[in-house]
Amino acid sequence: MVPRAPERPRGEAGFTLVELMIVLAVMGLLAGVAVWRWPSGGDDARAEAQILATRLAAARDQAIIEGRPIAIVVEPAGYRFEQRRGWQWQPLQDASLRERRLRSGVQAEGGARGIRIRFDSTGLPAAAATLRLRSGGHASQVELLADGEVRVS
């Protein structure tokens, strides 16, 4: 003969609706606190730094391919790429290297006149440089090393 499980009284068979609602309410409150305390995903300075780093690498590559110097001029509100043609620096019209305004709230540090970085025809920068972007409490920097390597930190 198989032993039978002891019988429970009818009222103790599960959770009541009130108990389930209380558990769900507590879980909702905890989830709300977690989302409120979570760092914002809108780190615009980091996103702009990634875009800037990609475009710097493209400018470096274009300087090598065309065998002509290319410069980037970084100002507080944005940046532009220029190429030496004749005796003058002229803005590039290439779609990937056109002038770019930084997102609202993001600023590049480096003074009102900005910073000029030049790649020679071998893709090497005239000097290593660090470009810092700020957005609210967040900051990111793009490092251009002496060998032309570009890093975001």
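**Note on the predicted model**

1. Residue E149 has a relative accessibility of 33% and therefore counts as partly exposed. The structure discussed here is a predicted model. The side chain of E149 meets that of R151 in a salt bridge, with an N to O distance of 3.2 Å. R151 is likewise classed as partly exposed, its relative accessible area being 41%. The residue R151 lies within strand β9, which covers 150-152.

2. As to overall composition, the chain has 153 residues, of which 26% are buried. Its secondary structure amounts to 2 helices and 9 strands. Read from the N terminus, the order of elements is α-α-β-β-β-β-β-β-β-β-β, so the points below take up helix α1 and then the strands.

3. Helix α1 spans residues 17-37 and includes I22. This residue is exposed, because its relative accessible area of 52% lies over the 50% limit for that class. Together with V18, V26 and L30, I22 makes a nonpolar surface patch of about 390 Å².

4. Strand β2 (residues 78-85) deserves attention for its several partners. With strand β1 (residues 70-75), β2 pairs in the antiparallel sense, and 6 bridges join the two. Within this pairing, V73 has R80 of β2 as its bridge partner. The two strands form a hairpin, with 2 residues lying between them.

5. Strand β2 also pairs with strand β3 (residues 88-91), again in the antiparallel sense, over 4 bridges. One of the bridge partnerships is that of R85 with Q88 in β3; another sets E82 with P91 of β3. The hairpin of β2 and β3 has 2 residues between the strands, and G86 there takes a positive phi near 70 degrees.

6. A further antiparallel pairing connects β2 to strand β4 (residues 100-101) through 2 bridges. Here Y79 is placed opposite R100 of β4. R100 also appears in a network of salt bridges, in which it is linked with D44, E48 and R103.

7. What aromatic pairing is found in the whole structure? The search returns 1 aromatic pair. Its members are Y79 and F81, whose ring centres lie 6.0 Å apart; the planes stand at 90 degrees, so the arrangement is edge-to-face. Y79 has a relative accessible area of 2% and is therefore buried. F81 is buried as well, with a value of 1%. Both figures fall under the 20% limit that defines a buried residue.

8. Strands later in the chain form an open sheet: 4 of them, in the order β5-β7-β8-β9, with antiparallel pairing. Its edges are β5 (106-108) and β9 (150-152), each of which pairs on one side only. From one strand to the next, the twist averages 20 degrees.

9. In this sheet, β5 is joined to strand β7 (residues 129-135) by 3 bridges, and the two run antiparallel. The residue A108 has L133 in β7 as its bridge partner.

10. How many salt bridges does a search of the whole structure find? There are 11. Among them is the contact between E109 and R134, whose closest N and O atoms are 2.5 Å apart. This pair links distant parts of the chain: E109 lies in the loop between β5 and β6 (115-119), whereas R134 belongs to strand β7, and 25 residues separate them. The two residues are both partly exposed, E109 at 35% relative accessibility and R134 at 34%.

11. Another salt bridge is formed by D61 and R60, with 3.3 Å between the closest N and O atoms. D61 has a relative accessibility of 34% and so counts as partly exposed.

12. Two residues may be singled out for inspection in the model. Y79 is buried, shares an edge-to-face ring pair with F81 and stands opposite R100 in β4. R134 is partly exposed and, from its place in strand β7, is paired with E109 in the loop between β5 and β6.

Methods: Residues are numbered from 1 along each chain as its sequence is written. This is a predicted model: local features need pLDDT of at least 70, side-chain atom pairs count only at pLDDT 80 or more; totals for chains, interfaces and linings use all residues. Side-chain values use heavy atoms; hydrogens and water are left out. Patches are made of residues with over 30% relative accessible area and no salt bridge: like charges are joined within 9 Å, nonpolar side chains (Val, Leu, Ile, Met, Phe, Trp, Tyr) within 5 Å. Accessible areas come from the Shrake-Rupley method with a 1.4 Å probe; for residues, only the protein chains shown count as cover. A salt bridge is a side-chain nitrogen of Lys or Arg within 4 Å of a carboxyl oxygen of Asp or Glu. Buried means under 20% relative accessible area, exposed over 50%, partly exposed in between (1.4 Å probe, protein chains only). Two strands pair if DSSP finds at least two bridges between them. Axes are lines fitted to C-alpha atoms, for helices over the stretch in contact, and angles run from 0 to 180 degrees between N-to-C directions. Rings of Phe, Tyr and Trp (its six-membered ring) pair if their centres lie within 6.5 Å; planes under 30 degrees apart count as stacked, over 60 as edge-to-face and the rest as tilted.
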